[in-house]
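Reader: Got a minute to walk through this one with me? I'd like to start with a single residue and work outwards.

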Amino acid sequence: MIVLDLNSFGQNFGRLVRERRGIEQLSLDDLARISELAKSHISIIENGKVHNPQAKTVDALCVALNISRK
């Protein structure tokens with residue numbers, strides 16, 4: 001039996017960003033400042049509306065939130 005994850009990378013990454021932002025106790029404004037990304041863009045990522053975020057966006061958020069690629 002094959003089980004497919006119907007969620008896109010962007011949806012999964014958005015959930016991870018929101019969860020990690022909560023753990024780090026950062027507001028959207030804080031994360032926008034640290035990552036140098038627009039607050040509105042981070043919001044749509046967290047809401048799963050960006051199915052394939054650009055690599056530079058993923059990198060910026062991973063660095064800002066101390067998310068390892070491992």
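Reader: Is T57 buried or exposed?

Author: Buried, going by the predicted model: T57 has 6% relative accessibility, and the cut-off for buried is under 20%.

Reader: Where does T57 sit?

Author: T57 is in helix α4, which covers residues 55-65.

Reader: And what does T57 touch, not counting residues up to four places away in sequence?

Author: T57 touches L37, H41 and I45.

Reader: OK, switching to E46. Which helix is E46 in?

Author: E46 belongs to helix α3.

Reader: Why does E46 count as buried?

Author: Because its relative accessibility is 5%, and anything under 20% counts as buried.

Reader: So what is E46 in contact with, leaving aside its neighbours within four places in sequence?

Author: Its contacts are G14, R15, V17, R18, R21 and L28.

Reader: L28 takes me to the helix pair. How do the axes of α2 and α3 cross?

Author: The axes of α2 (residues 28-35) and α3 (residues 39-46) cross at roughly 110° and come within 9 Å. That angle falls in the 65 to 115 window, so α2 is roughly perpendicular to α3.

Reader: Left-handed or right-handed?

Author: The crossing of α2 and α3 is right-handed.

Reader: Which residues make the contact?

Author: On the α2 side you have L28, D29, L31, A32 and S35. From α3 come K39, I42, S43 and E46. E46, the buried residue we just discussed, is thus part of this contact too.

Reader: How do the residues of that contact divide into nonpolar, polar and charged?

Author: For α2 with α3, four are nonpolar, two are polar and three are charged.

Reader: Let's zoom out. How many helices and strands does the chain have?

Author: Four helices and zero strands. From the N terminus the order of elements reads α-α-α-α.

Reader: What share of the chain counts as buried?

Author: Of its 70 residues, 37% count as buried. T57 is buried, at 6% relative accessibility, and E46 is buried as well, at 5%.

Reader: And the accessible surface, what does that come to?

Author: About 4,900 Å² for the chain, with carbon and sulfur atoms contributing 53% of it.

Reader: Last one. Among contacts with a separation of 6 or more, what percentage comes from residues 24 or more positions apart?

Author: Those pairs account for 61% of such contacts in the chain.

Key
Residues numbered from 1 in each chain as written. Predicted model: local features only at pLDDT ≥ 70, side-chain atom pairs only at ≥ 80, totals over all residues. Heavy atoms only, no water. Axes fitted to C-alpha atoms, helices over the stretch in contact; angles between N-to-C directions. Helix = DSSP H or I, 4+ residues; strand = E, 2+ residues; numbered from the N terminus. Parallel < 35°, antiparallel > 145°, perpendicular 65-115°, else oblique. Left-handed = near helix turned anticlockwise from the far one by under 90°. Contact = heavy atoms within 4.5 Å. Nonpolar A, V, L, I, M, F, W, Y, C, P; charged D, E, K, R; others polar. Buried < 20%, exposed > 50% of the residue type's maximum accessible area, 1.4 Å probe, protein only. Areas by Shrake-Rupley, 256 points an atom, 1.4 Å probe, with all protein chains shown as cover.
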